[in-house]
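Here are my notes from going through this one, set out as numbered points. Have the viewer open as you read.

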Amino acid sequence: MSIEISNVGKRFGDFVALDDVTVSIPAGSLTALLGPSGGGKSTLLRIIAGLEHADSGRVEIEGVDATSLPPQKRDVGFVFQHYAAFKHLSVFRNVAFGLEIRKRPKDEIKARVDELLELVHLDQFGDRLPAQLSGGQRQRMALARALAVEPKVLLLDEPFGALDAKVRKELRDWLRRLHDEVHVTTVFVTHDQEEALEVADEIVVINEGRVEQIGTPDALYDEPESDFVMSFLGPVTTLRGQLIRPHDIELRTTEAPAARAGTVSRLVRVGFEVRVDVVSADEVTTVSLTRAEARSLGLEEGTAVWLEVAPGAQVRTPGATAPGSGTPTTAGSR
């Protein structure tokens with residue numbers, strides 16, 4: 001089911017949470033609302049769900065004006081960050097809850113819950129209490145409960161934010177596979193760039209209540225339309241005053257024509273990656289290398305090096321906003 005958000009505005013007192021936001025979410029897509037904390041993404045999600053009401057604008061779900069509809073009439077499933085489980089009910093009863101209050105037949109409820117518990121790999125835990133599950137299992141239970149009533153739209157508010165990094169990685173892989181199976185239109189809020197880039201079909205970047213850019217993960221990463229989008233979606237450094245990603249810089253220990261001369265001031269290894277800070281006359285540039293590359297170059301603090309933009313790399317002039325100049329260009333076109 002498609003979602004159309006048109007010119008939505010929302011204030012909390014003097015604070016502008018959303019400022020004339022317009023977003024079109026295709027039916028069956030997995031869309032991420034990405035941005036820093038306080039940027040307005042959770043407010044937008046709650047307005048789609050009907051848990052908050054917009055001060056202005058319109059929300060349509062599958063062509064139906066839902067702007068003034070209460071949550072229970074919007075046919076959406078909502079999953080919060082902290083599960084919101086009924087602690088005294090079994091996993092089975094938690095998932096069945098929405099069906100029970102809709103007074104569905106018992107055999108229908110059992111068949112639907114059994115199907116969902118198998119789908120989220122919890123079929124052997126139906127008799128347990130939520131406290132007897134791990135954090136990742138409780139979040140899968142919450143997703144099953146939201147899917148039980150067969151919503152038109154599934155809304156997830158930072159669903160993996162309370163989990164450790166390893167479990168979050170496992171769950172986002174699982175969410176992608178689950179979405180490919182059930183094909184329900186899904187919108188999830190996150191401030192984790194890697195999560196959005198890895199899972200989503202489309203990303204809506206929101207900052208200070210405004211939409212900065214909408215596009216596929218590849219388009220946003222490779223063709224950011226603003227300094228904010230470029231710096232928020234992945235690491236950024238400067239070379240000759242232009243914004244560039246650290247892995248798009250070639251580092252040499254021999255002088256090269258037109259290359260930028262500098263001196264290694266710091267090396268930091270993070271797993272397989274080595275981050276090299278290079279000081280030149282008027283800037284510090286960070287270069288990302290593999291451990292093997294750094295070793296082969298024999299780098300250490302004080303090593304003289306030369307930097308240049310890698311072929312095909314994207315660079316951006318800070319503050320560029322004019323049509324054509326705001327989109328990065330390839331190194332070959334400069």
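The points below cover two sheets, a strand pair, a helix pair and two residues. Bear in mind throughout that this is a predicted model.

1. Let's start with the four-stranded sheet. Its strands come in the order 2-1-4-5, the sheet is open, and the pairing is antiparallel. Strand 2 (15-25) and strand 5 (64-65) are the edge strands; each has a single partner strand, so one side of each has no neighbour in the sheet.

2. Inside that sheet, have a look at strand 1 (residues 3-12) and strand 4 (residues 56-61). They are joined by 5 bridges and pair in the antiparallel sense. If you want a spot to check the register, Ser6 stands opposite Arg58 in strand 4.

3. Which strands does helix 1 lie across? Strand 1, strand 2 and strand 4, and the helix runs at about 120° to strand 1.

4. Thr43 is a handy residue for seeing this part of the model, as its place is in helix 1. Thr43 has a relative accessible area of 15%, and since buried means under 20%, Thr43 counts as buried. Setting aside neighbours within four places in sequence, Thr43 is in contact with Lys10, Phe12, Ala17 and Leu18.

5. Gly40 is worth a click too. You'll find Gly40 in the loop between strand 3 (30-34) and helix 1 (41-49). Is Gly40 buried or exposed? It is buried, at a relative accessible area of 8%. Again leaving aside neighbours within four places in sequence, Gly40 is in contact with Ala17, Leu18 and Ile206. As for Lys10, 30 residues away from Gly40 along the chain, the two C-alpha atoms are separated by 9.1 Å. Ala17 and Leu18 turn up in the contact list of Gly40 and again in that of Thr43.

6. Next, strand 6 (residues 76-79). In a regular strand the side chains alternate between the two faces of the sheet. Here Val76 and Phe78 point one way, Gly77 and Val79 point the other way, and all are buried. Strand 6 pairs with strand 7 (residues 153-157) in the parallel sense, over 4 bridges. For a residue-level handle, Val79 has Leu156 of strand 7 as its bridge partner.

7. On to a helix pair. Two packed helices are described by the angle between their axes and the distance between the axes. For helix 4 (residues 135-148) and helix 5 (residues 165-182), the axes come within 10 Å and cross at roughly 25°. Helix 4 and helix 5 are therefore roughly parallel to each other, and their crossing is right-handed. On the helix 4 side the contact is made by Gly136, Gln139, Arg140, Leu143 and Leu147, and on the helix 5 side by Val167, Leu171, Trp174 and Leu178. By type, the residues of this contact come to 6 nonpolar, 2 polar and 1 charged.

8. Last, the five-stranded sheet. It is open, with the order 13-17-14-15-16 and antiparallel pairing. Strand 13 (249-252) and strand 16 (284-290) stand at its edges with a single partner strand each, so one side of each is left without a neighbour in the sheet. From one strand to the next, the twist averages 45°. Strand 15 (residues 273-279) and strand 16 run antiparallel and are joined by 7 bridges. Val276 stands opposite Val287 in strand 16.

Methods. Residues numbered from 1 in each chain as written. Predicted model: local features only at pLDDT ≥ 70, side-chain atom pairs only at ≥ 80, totals over all residues. Heavy atoms only, no water. Axes fitted to C-alpha atoms, helices over the stretch in contact; angles between N-to-C directions. Parallel < 35°, antiparallel > 145°, perpendicular 65-115°, else oblique. Left-handed = near helix turned anticlockwise from the far one by under 90°. Contact = heavy atoms within 4.5 Å. Nonpolar A, V, L, I, M, F, W, Y, C, P; charged D, E, K, R; others polar. Buried < 20%, exposed > 50% of the residue type's maximum accessible area, 1.4 Å probe, protein only. Pairing = 2+ DSSP bridges.
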